[in-house]
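The following exercises concern the packing of helices and the pairing of charged side chains. Please study the sequence and the structure before reading each solution.

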Amino acid sequence: MAASVYSRTLQKAAELIGGQARLGRHLRVPAAELQKWIDDKAVPPMGIFLRAVDLIIEETPPPVDSGGSDEPPAPRDCSSAGDSSATRY
């Protein structure tokens, strides 16, 4: 069985902050509770989970800029007009 999003998030947060002990202190939760959540034996409270998500966002560098423009990419036309492989009914 695959690990839940809660478990994966807490594992990633622990990795980024320097271990489960440091994550437990950061989240202000007992080590035993944190271990249950990481082992998928319980679900963390939503507030704790969101604090772990915030930690991951803060500790993850932004993606490398590949274009130089701050503008979003232009929308693309997804219609089949002009596509010779499209079958019209």
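**Exercise 1: Two packed helices**

In this predicted model, H1 and H3 pack with their axes 8 Å apart and at an angle of about 125°. Classify the orientation of H1 relative to H3, and then describe their contact by residue class.

*Solution.*

Step 1. Angles over 145 degrees count as roughly antiparallel, and those from 65 to 115 as roughly perpendicular. The angle of about 125° belongs to neither range, and therefore H1 is oblique to H3.

Step 2. H1 contributes Ser7, Leu10 and Gln11 to the contact, while H3 contributes Leu34, Trp37 and Ile38.

Step 3. By class, four residues of this contact are nonpolar, two are polar and none is charged.

**Exercise 2: Salt bridges**

How many salt bridges does a search of the whole structure find? Describe each pair by its distance, its place in a helix and its exposure.

*Solution.*

Step 1. The search of the whole structure yields two salt bridges.

Step 2. One joins the side chains of Glu15 and Lys12, at 3.3 Å from N to O. Both residues belong to helix H1 (residues 5-17), where they are three residues apart, about one turn of the helix.

Step 3. Exposed means over 50% relative accessible area. Glu15 has 57% relative accessibility and so counts as exposed, whereas Lys12, at 34%, counts as partly exposed.

Step 4. The side chains of Lys36 and Glu33 also form a salt bridge, at 3.1 Å from N to O. Lys36 and Glu33 are separated by about one helical turn because they are three residues apart in helix H3 (residues 31-38).

Step 5. Lys36 is partly exposed, with a relative accessible area of 38%, and Glu33 counts as partly exposed at 28% relative accessibility.

Key: Residues numbered from 1 in each chain as written. Predicted model: local features only at pLDDT ≥ 70, side-chain atom pairs only at ≥ 80, totals over all residues. Heavy atoms only, no water. Salt bridge = Lys/Arg side-chain N within 4 Å of Asp/Glu carboxyl O. Helix = DSSP H or I, 4+ residues; strand = E, 2+ residues; numbered from the N terminus. Buried < 20%, exposed > 50% of the residue type's maximum accessible area, 1.4 Å probe, protein only. Axes fitted to C-alpha atoms, helices over the stretch in contact; angles between N-to-C directions. Parallel < 35°, antiparallel > 145°, perpendicular 65-115°, else oblique. Contact = heavy atoms within 4.5 Å. Nonpolar A, V, L, I, M, F, W, Y, C, P; charged D, E, K, R; others polar.
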